[in-house]
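User: Please take a close look at one part of this model, the packing between two of its helices, and then place that part in its wider surroundings.

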Amino acid sequence: MNQANFLEQLNRCSNAFGPTHFGKERTDMIWTYCNSLDDSQFKRIASQFISNFKHAPLPSDFLKAFYEEKKAEYQKHPERQHEKEVTREIDCFSCYETGWVFVKIVSSEKTIMMFCSCRYGQKEEIQNVGSAVPPWDPKFEIEQRFNRLPFPMKAFVPNSEEREQFFSTGHNDIAERWVKKKIESKKFWKDMYDDFLLQANKKQT
Ligand SMILES: [Zn+2]
């Protein structure tokens with residue numbers, strides 16, 4: 001997106017919600033989140049906020065809208081999700097751009113992966129369409145079901161303790177363990193989903 005268009009749309013938001021909501025910090029954040037959208041997509045986001053929001057949208061609202069736009073774009077043009085993304089200065093530290101976060105299941109202490117709530121997670125979600133893997137939601141922590149763990153960078157170091165802790169043992173090749181962990185996670189969520197359906201059916205009959 002062209003920076004002039006970006007500022008023009010933010011200016012529309014400033015006019016609608018008041019000029020104090022989009023200081024430099026927030027403007028920079030919004031730019032970081034949304035600059036890979038095209039002009040019309042960002043304009044549509046601004047218009048939606050102006051028409052639907054009672055209060056000024058936060059950078060996180062822009063990020064959410066960014067995902068929605070990207071999702072719609074990928075559904076329309078599936079080939080675009082394979083295009084190389086523009087490298088940015090700030091990216092997601094929750095998943096280190098893998099799209100996957102590690103969570104601890106509170107009831108069993110087991111470590112499993114789910115999709116990150118960022119755009120990389122969104123991409124994984126689209127690529128694994130039909131899987132029962134949920135995207136991370138802070139409410140999981142509030143409900144005390146899952147706790148999100150910091151991304152275990154050390155687990156990628158050969159023969160580290162973290163490697164044994166986060167990935168199943170066996171082959172020392174991290175790529176292979178990563179793939180296995182994804183398969184294990186997908187199976188975990190699928191089983192949980194099936195179980196949920198089974199319980200729901202039991203209640204009905
Ligand atoms: Zn992420």
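Analyst: What follows starts from the helix pair and then moves outward to the cores, the domains and one further helix. The model is a predicted one, and the description below should be read with that in mind.

Two packed helices are described by the angle between their axes and the distance between the axes. For helix 2 (residues 24–34) and helix 4, the axes come within 9 Å and cross at roughly 10 degrees; since angles under 35 degrees count as roughly parallel, helix 2 and helix 4 are therefore roughly parallel to each other. On the side of helix 2 the contact is made by Arg26, Met29, Ile30, Tyr33 and Cys34, which meet Pro59, Phe62, Leu63 and Phe66 of helix 4. By class, the residues of this contact divide into 8 nonpolar and 1 charged, with no polar residue.

In soluble globular proteins, nonpolar side chains tend to be buried together. The largest nonpolar core here has 18 residues, of which Cys95, Val101, Met114 and Cys116 touch the most other members, and the elements giving two or more residues to this core are strand 1 and strand 2. Val101, leaving aside its neighbours within four places in sequence, is in contact with Ser94, Cys95, Met113, Met114, Cys116, Trp136, Arg148 and Phe151. Apart from this core lies another, of 14 residues, which includes Tyr33 and Cys34 together with Phe42 and Ile45; Tyr33 and Cys34 are also among the helix 2 residues that meet helix 4.

Gln41 is found in helix 3 (residues 39–52) and, with 18 C-beta neighbours inside 10 Å, counts as partly exposed. The C-alpha atoms of Gln41 and Met1 are separated by 9.0 Å, although their positions lie 40 residues apart along the chain as a sequence separation.

At the level of the whole chain, the domain assignment gives domain 1 (3–82) and domain 2 (100–204), and their centres, taken over C-alpha atoms, are separated by 30 Å. The contact between them takes 6 residues from domain 1 and 4 residues from domain 2, and on the domain 1 side these residues divide into 3 nonpolar, 1 polar and 2 charged.

Helix 4 (59–76) returns in the surroundings of helix 5, where, along with strand 1 (100–105) and strand 2 (111–115), it is included in what covers the buried residues. Helix 5 (residues 119–127) is largely enclosed by the rest of the structure, because 7 of its 9 residues are buried; these are Arg119, Tyr120, Gly121, Gln122, Lys123, Glu124 and Glu125.

Conventions
Residues numbered from 1 in each chain as written. Predicted model: local features only at pLDDT ≥ 70, side-chain atom pairs only at ≥ 80, totals over all residues. Buried ≥ 20, exposed ≤ 12 C-beta atoms within 10 Å, placed from the backbone. Helix = DSSP H or I, 4+ residues; strand = E, 2+ residues; numbered from the N terminus. Contact = placed C-beta atoms within 7 Å. Domains from an automatic or database assignment. Nonpolar A, V, L, I, M, F, W, Y, C, P; charged D, E, K, R; others polar. Core = buried A, V, L, I, M, F, W, Y, C linked by C-beta atoms within 7 Å. Axes fitted to C-alpha atoms, helices over the stretch in contact; angles between N-to-C directions. Parallel < 35°, antiparallel > 145°, perpendicular 65-115°, else oblique.
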